[in-house]
Amino acid sequence: GKAEASGDAAGEAEAAAVTAAEEAAEPPQKLVLDVAIGECEFASPFAYFLELELEGHAERRWTDVSQPSARPIFTNSSLLLSADGGVTGEKLKVSAFLNVVDPSSPGADPSAKLLGTGTVSLAELKVADGATTSKRLVRNVSFVRQATGEAPAEGGKNLVVGRTTVVLQVKALPESEVSERSALFSQAPHTALSSTGPSLEKSLWLARPFEQRIRLLVHRADSLPVSDGGSRATLRLAVRLLQGGNVLHETASSSLPIVPSISPGSETKGEVIYNQEVVLPLPEGSYGSQVSMALEMVGPSADGSIETSSLLDLHWSPTNLPILFPLHLYARTSPSSSTVPSYARPRPGLLVSLVREAAHEALDGLAEGAHGTEIRVHGISPGRPLPEAAENSIVAICPEYSPGAEDPRIPVMTYYWDQRMDLDSFLESHFSSGAAASSLKCFLTPAAGLSRAPQWGQFVVRCLPSKSSLKSLSILIFDSGLRADPDIPLGGNLLGFAVLDATTLLGPQQASRSFLLDLRLLEAPGASPSLEVEVRVWPRGGVPSGLDDMTRPEETYPTVRNPDAGGTALPAATAASTGAIMASLEQEANDFRLNHELSVQLAKEFNLRAAALKRAGEEVVTLRRQVLMLKSENASLRAQIEDEEKLAEEVQQRPPPEGLERLSAAELALRLQRSLEKYREEKAKAAELGRRLEEAMKEASRGRSLERSLEELHQAHLEQNRELQRLQEEGRKLETYRQTTRTQEKVILKLEKILESSLQEVQKAQKVQVDVEKLKTENLRLRERCSSLLAKKKSDSSGTAVEEESQDWKRRLAQKDAEVVRLQAMVQDLKAAGNASSNGGEAVPAPAPNGDKLNDLEAKKLEWEQKCRAAEQRLQMIQQQLTESSKRYGSQISDHKVEIARQEARIMELEFLLKRKEEGG
């Protein structure tokens with residue numbers, strides 16, 4: 001027993017030693033946070049790089065600097081951060097930088113400018129006991145930046161300037177691998193932090209379909225009671241959706257203090273300038289609901305609590321407001337109540353702009369051929385500002401206005417809330433009377449502050465213009481004059497206008513583009529300010545498929561445990577990753593398609609600008625010729641004046657004619673009058689001749705320009721005819737290509753039939769070989785049996801049983817011989833058929849005698865084996881030739897099809913250009 005115990009102890013010690021040796025042989029592991037950078041998108045194309053760090057830690061990792069693009073791609077997109085103590089209580093901070101070059105020193109190194117930061121919580125990255133990895137998380141990160149612009153709407157506002165997708169996982173890796181990978185990405189790119197560079201106050205414009213909601217742009221509230229200086233009361237506009245006395249949804253504007261406003265000849269009143277937008281969603285089941293707009297004063301009460309008192313509460317039904325028809329409403333008291341003191345009862349006024357949106361799926365049924373359009377207004381470019389500073393300027397998007405019409409005004413409907421008609425009845429009568437249809441449809445932005453380059457905080461306006469209106473969208477800028485005539489609260493002066501052509505964005509997918517429009521000012525036609533806007537046009541047919549996946553909610557991939565890998569967590573969403581790859585490919589295809597459309601549009605614009613420059617050059621040449629002509633005419637006139645002056649001097653120096661002294665004053669006056677009349681007649685004739693000469697010169701100049709245009713048009717027609725002839729010659733070759741393709745297809749079909757017949761012959765030969773092997777085996781067995789019977793017969797020659805058995809075996813042998821003869825005949829038939837097909841027919845040898853059957857079968861077996869090998873070799877050769885021919889013919893067919901499609905597209909393009917040229921001519 002003691003020996004057994006000592007043996008067990010020795011075995012356990014040996015096992016522990018082996019385990020320790022194995023653990024010592026394994027490399028030491030280290031927990032790290034593996035962060036993979038996915039798709040990135042920013043508002044402007046620059047050279048970007050990302051910085052990763054855990055908040056509160058000094059360790060940082062950087063990507064490389066990408067190429068300038070709005071969707072950058074990084075080479076080192078997988079970074080490691082230390083996670084020895086776990087990361088469940090940490091947050092990952094992702095910062096986006098861009099590289100800019102100082103224009104004053106182009107030879108210097110680029111400097112880094114912080115664009116925005118985003119954070120991701122790591123609470124779900126917990127490594128289970130006994131496991132080496134955590135589950136895999138996919139998170140969307142938005143880069144946020146605080147705006148510091150001049151516009152009031154931008155001050156202190158957080159802008160989403162970019163976004164990216166990160167894949168997070170905590171895993172255990174060998175320390176050598178961690179050190180090697182960390183050493184590559186532990187140094188920041190070769191840049192220096194700088195505050196110089198381009199303006200980055202441009203947020204990322206996400207594609208968001210139309211929704212069923214009401215947008216209220218709150219301009220101001222006036223005629224408010226002014227409290228004492230120590231009051232901390234504020235005023236807000238609360239908008240509620242009511243149904244059956246219940247509040248379905250509530251939203252409110254900012255609470256702002258009341259500012260005193262002193263008007264000449266009147267008492268002091270208060271006002272609040274909001275310039276804010278309030279959005280009220282309309283759920284599907286909100287039929288029969290009411291919208292409440294309440295001006296509420298919020299302030300502390302005597303007991304220290306917050307007290308809210310309503311100054312004005314207006315109710316109306318959202319169904320009385322047409323879809324995507326802006327209404328500018330000024331709710332105030334009637335003029336008859338202006339004599340009542342304001343402290344008796346507050347009489348506030350409210351100025352708002354209302355727009356009711358519909359769901360994206362319902363847009364097609366609202367107007368035939370209309371497209372949902374979004375316009376994001378940035379502002380006047382600081383490089384091309386207004387000649388004078390404008391205050392409280394408003395941008396109005398007017399899809400149905402054409403420049404040159406009557407003086408445009410923003411239509412504001414005044415509603416007197418202190419009279420008997422409620423707001424619901426007022427709206428119903430207004431839109432049913434037809435006055436709204438004849439008024440100008442204006443979609444407004446908030447008012448900007450006093451500046452020569454006012455900014456409107458990237459305010460987005462949504463409208464539904466027709467396809468013809470998209471070609472000339474009018475953008476008007478008004479000096480709103482918020483403290484002007486109360487009867488015209490938004491009726492300031494028209495500063496200028498611009499026209500936008502958005503038809504280039506029409507397509508099967510939603511497309512957006514930035515425009516820098518030339519603004520035409522009414523009071524300063526020579527100025528050249530520019531207005532920056534962005535436009536997105538949605539296609540018809542509902543929400544388009546393939547919207548960016550990064551706008552969808554975040555999701556995590558589930559994990560499963562692999563029991564054979566020691567608890568390692570493996571991803572269970574292989575199909576999901578494949579779907580993500582397909583979605584990214586589809587997004588890239590959409591981007592390529594959009595880039596192609598933009599390239600085509602840029603080419604068209606380039607051609608238009610080139611044509612405009614050409615016309616301007618011709619006009620410059622014409623003006624230079626006119627200047628030369630005017631100079632020559634001026635010289636001739638100067639010479640004529642000098643001759644007249646000389647003539648006058650000579651007349652003065654000559655003595656007066658005889659008899660002039662004897663004329664009376666009446667005769668002198670009569671002669672002078674006749675001379676003046678003749679002078680006037682000659683002067684009128686000279687002026688008429690000059691006018692005719694000028695017209696003749698203009699006609700001659702116009703004729704020369706028309707001759708040049710005719711010559712250019714003739715040359716263009718010749719070039720197009722040559723190109724058309726070349727394409728027609730290439731088109732004639734298409735029939736030859738098609739015939740060659742048909743011939744190659746027939747050859748392939750014949751080769752396939754030959755291959756099938758060869759395979760059938762090989763299969764028959766294999767079956768005959770199997771039968772021969774069976775007969776050979778049977779012959780050997782029968783020979784052995786005959787030998788045993790002969791030996792038995794010699795030992796017992798008198799036995800009759802042996803003789804009977806011998807006769808029996810002889811009979812069986814005769815049957816087998818007959819079977820062999822039959823199979824030999826079959827083999828000879830097959831051989832004759834094979835020789836006839838291969839060698840053109842040979843003489844079939846006569847069957848061998850029965851004694852040599854086995855040798856003949858052996859020889860035939862070898863012969864059939866050789867034939868089988870030859871057939872297999874021939875089959876392989878035919879298969880190889882068929883494969884090569886199929887590849888070659890397939891590539892030729894595809895090349896021919898591509899060439900045919902290219903030539904057809906070129907022919908259609910030339911026909912279109914020729915047709916447009918003929919229409920233009």
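**Figure 1. Tyr48 and its aromatic surroundings in the predicted model.** Tyr48 has a relative accessible area of 1% and is therefore buried. Its ring and that of Phe46 form an edge-to-face pair, because the ring centres lie 6.3 Å apart and the planes stand at 80 degrees, where over 60 degrees counts as edge-to-face. Phe46, like Tyr48, is buried. The model contains six aromatic pairs. In one of these, Phe42 and Tyr48 have ring centres 4.0 Å apart and planes at 10 degrees, so the pair is stacked. Phe42 is itself buried, because its relative accessibility of 3% falls under the 20% limit. Ring pairs join Phe42, Phe46, Tyr48 and Phe143 into a cluster.

**Figure 2. Arginine side chains over the rings of Trp205 and Tyr330.** Arg536 is placed over the face of Trp205, at 4.1 Å from the ring centre. In the second view, the charged end of Arg220 sits over the ring of Tyr330, and the distance to the centre of that ring is 5.6 Å.

**Figure 3. The environment of Val537 in strand E28.** Strand E28 comprises residues 530-537 and includes Val537. With a relative accessible area of 1%, Val537 is under the 20% limit and so counts as buried. Val537 and Gln510 are 27 residues apart along the chain, yet their C-alpha atoms are separated by 5.8 Å. When neighbours within four places in sequence are left aside, Gln510 is among the residues in contact with Val537. The other contacts on that basis are His371, Gly372, Thr373, Leu470, Ala502, Leu505, Leu506, Gln509 and Ala511.

**Figure 4. The second largest pocket and its lining.** The volume of this pocket is about 2000 Å³. Its lining consists of 43 residues, and those nearest the centre are Lys604, Glu605, Asn607, Leu608 and Arg609. Helix H5 (574-653) contributes 14 residues, the largest share of the lining. At least two lining residues each come from strand E25 (493-500), strand E26 (511-518), helix H5, helix H6 (665-795) and helix H8 (853-920). By residue class, the lining divides into 17 nonpolar, ten polar and 16 charged residues.

Conventions. Residues are numbered from 1 along each chain as its sequence is written. This is a predicted model: local features need pLDDT of at least 70, side-chain atom pairs count only at pLDDT 80 or more; totals for chains, interfaces and linings use all residues. Side-chain values use heavy atoms; hydrogens and water are left out. On a 1 Å grid over the protein atoms alone, a cavity is a set of points where a 1.4 Å probe fits but cannot get out, and a pocket is an open set with protein on both sides within 12 Å along at least five of seven lines; lining residues have an atom within 4 Å of a point. Grid points are joined across faces, edges and corners, and a volume is the space filled by probe spheres set on the points. Helices (H or I, at least four residues) and strands (E, at least two) are DSSP runs, numbered from the N terminus. Ala, Val, Leu, Ile, Met, Phe, Trp, Tyr, Cys and Pro count as nonpolar, Asp, Glu, Lys and Arg as charged, and the others, Gly among them, as polar. Rings of Phe, Tyr and Trp (its six-membered ring) pair if their centres lie within 6.5 Å; planes under 30 degrees apart count as stacked, over 60 as edge-to-face and the rest as tilted. Buried means under 20% relative accessible area, exposed over 50%, partly exposed in between (1.4 Å probe, protein chains only). A charge sits over a ring if NZ of Lys or CZ of Arg is within 6 Å of the ring centre and within 35 degrees of the ring normal. Contact means heavy atoms within 4.5 Å.
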